[in-house]
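Please look through the structure below with the sequence at hand. The paragraphs that follow go through it one part at a time.

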Amino acid sequence: MSTEVAEVRAFLDGGVGRLVLDRPRALNSLTHGMVTALRATLDDWAADDRIRAVVLTGAGERGLCAGGDIRAMHDDARTGGAGTRAFLRDEYRLNALIASYPKPYVAVLDGITMGGGVGVSAHGAVRIVTERSAVAMPETRIGIAPDVGGSHLLARAPGELGTHLGLTAASMGPGDALLCGFADHFVPSPRIPGLLEALGRTTAATTGSTTAEIAALVAAHAEPAPPAALAAQRPWIDACYAADTVEEIVDRLLDSGVPEAKEAAEAVLANSPTAVKTTLAALRRARTLPSLEAVLDQEYRISCAALESHDMVEGIRAQVIDKDRSPRWRPGTLAEVTEADVARSFAPREGDELGLAPREGDAPGLA
């Protein structure tokens, strides 16, 4: 069994269903067609008895997936954003499916794995990083807040590490990805081919595979991860990012006397003021929400609000289109972003809700 649809290769390898994101020249950035193909394939494989586990990898040597196709989002936003809203609805539903998939879902976060790449990997049952992994939710750099369930993961990272990563858009190496709950195992990249071969061979010889069995097989190929750089920075991160507002967080970072904290403050101040304030509110709310589905519902509202804003188009222009790295945010400072500005990102959307989480009074399965 082998199919090639919308730049996703899907084939049977022993007892494993292999999914390969195959757009290497664009760092495997996700298009709507790729999201649709992934969903259709996973739906088919859920009922296919030959497939006992699913493995996601990316084509090429540079990374699993650099995120969504933000050039397309930029162009679509300038004409109303209907295509991007449809993409986000399907993407977020795919993220939720991966998190609840009935068969072991293994993702190899080798190389660059950002934004949408995190969404199709870090909600899986078994997540592998390598020495080349660079994992990030960099959305505040382009005027939006972490999505694809990223705020769910960031909100559950130890202490205030997730707040730091969300506001600064900083990348995690393999050790930090493990520390922050974005990955489970470190496997050096030269061992990945042997691991994939073993997964295919072992699952083909069984009548079923549990997540625990797959995880044990992965662990047999794993090594101790490189040190997590963020572990040593927990004292100042937890102290500074526990503040109630972004302004106070920045003040604490600048007053801490720690060089890395000063760099973090500068990163926060360089990002979209509206996006960083919205991100802080989103992470604090995500800590209290009961499920990934509820967080995805919240993220859909936030992302649609960003799609209708100035900053998303301007951020993508500055970082990707013109590459001048000089976005002109509107409002331009944290002080100019009001509570009402932030609240608009969380407001219900009449007739345009994602609706993944059950509402009060709904029967199970109706969300």
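Is Val337 buried or exposed? Val337 has a relative accessibility of 4% and therefore counts as buried, since the cut-off for that word is under 20%. The model is a predicted one. Val337 lies in the loop between α15 (310–321) and α16 (339–344). Leaving aside neighbours within four places in sequence, Val337 is in contact with Pro273, Thr274, Lys277, Pro331 and Val342. One of these, Lys277, is 60 residues away from Val337 in sequence, yet the two C-alpha atoms are 7.9 Å apart in space.

Another of the contacts of Val337 is Pro331. Pro331 is also found in the loop between α15 and α16. The bond that joins Arg330 and Pro331 is a cis peptide bond, with omega at about 0°. Most peptide bonds are trans, and most residues other than glycine have a negative phi.

The backbone angle phi can be followed at two further places. Val148 is not a glycine, but its phi is positive, at about 50°. Val148 belongs to the loop between β9 (134–136) and α5 (150–155). The relative accessible area of Val148 is 1%, so Val148 is buried. Ala169 is not a glycine either, and its phi is positive at about 70°. Ala169 sits in the loop between α6 and β10 (171–172). With a relative accessible area of 0%, Ala169 is buried.

Next comes a pair of helices. How do α6 and α10 lie with respect to each other? The axes of helix α6 (residues 161–168) and helix α10 (residues 234–241) come within 8 Å and cross at roughly 75°. The two helices are therefore roughly perpendicular to each other, because angles of 65 to 115 degrees are given that description. On the α6 side, the residues that meet α10 are Leu161, Thr163, His164, Leu167 and Thr168. On the α10 side, they are Arg234, Trp236, Ile237, Asp238 and Tyr241. Sorted by class, this contact has 5 nonpolar, 3 polar and 2 charged residues.

Tyr241 can be taken as an example from this contact. Tyr241 lies in helix α10, and its relative accessibility is 0%, so Tyr241 counts as buried. Not counting residues up to four places away in sequence, Tyr241 touches a list of residues that includes Thr163, His164, Leu167 and Thr168, which are among the α6 residues in the helix contact. Also among the residues that Tyr241 touches are Glu160, Ile249, Leu253, Ala264, Val268 and Arg284. Val118, by comparison, is 123 residues from Tyr241 in sequence and 23 Å from it in space, C-alpha to C-alpha.

The aromatic rings are the next topic. A pair of aromatic rings is described by the distance of the centres and the angle of the planes. How many aromatic pairs does a search of the whole structure find? The search finds 2. In one pair, the ring centres of Tyr92 and Tyr300 are 6.4 Å apart and the planes stand at 90°, so the pair is edge-to-face. This pair links distant parts of the chain: Tyr92 is in helix α3 (residues 82–99) and Tyr300 is in helix α14 (residues 292–307), 208 residues apart. Tyr92 counts as buried because its relative accessibility is 0%. Tyr300 is at 0% relative accessibility and so counts as buried too. The other pair is formed by Tyr101 and Tyr105, and it is edge-to-face, with 6.5 Å from centre to centre and 75° between the planes. Both Tyr101 and Tyr105 are buried.

Rings can also be looked at together with charged side chains. The charged end of Arg89 sits over the ring of Tyr300, 5.5 Å from the ring centre. Tyr300 is thus named both in this arrangement and in the pair with Tyr92. Elsewhere, Arg285 lies over the face of Phe346, at 3.9 Å from the ring centre.

The last residue to find is Thr41. Thr41 has its place in helix α1 (residues 32–46). The relative accessibility of Thr41 is 14%, so Thr41 counts as buried. Not counting residues up to four places away in sequence, Thr41 touches Ala10 and Leu19.

Technical notes: Residues numbered from 1 in each chain as written. Predicted model: local features only at pLDDT ≥ 70, side-chain atom pairs only at ≥ 80, totals over all residues. Heavy atoms only, no water. Phe/Tyr/Trp six-rings, centres within 6.5 Å; stacked < 30°, edge-to-face > 60°. Helix = DSSP H or I, 4+ residues; strand = E, 2+ residues; numbered from the N terminus. Buried < 20%, exposed > 50% of the residue type's maximum accessible area, 1.4 Å probe, protein only. Lys NZ or Arg CZ within 6 Å of the ring centre and 35° of its normal. Axes fitted to C-alpha atoms, helices over the stretch in contact; angles between N-to-C directions. Parallel < 35°, antiparallel > 145°, perpendicular 65-115°, else oblique. Contact = heavy atoms within 4.5 Å. Nonpolar A, V, L, I, M, F, W, Y, C, P; charged D, E, K, R; others polar.
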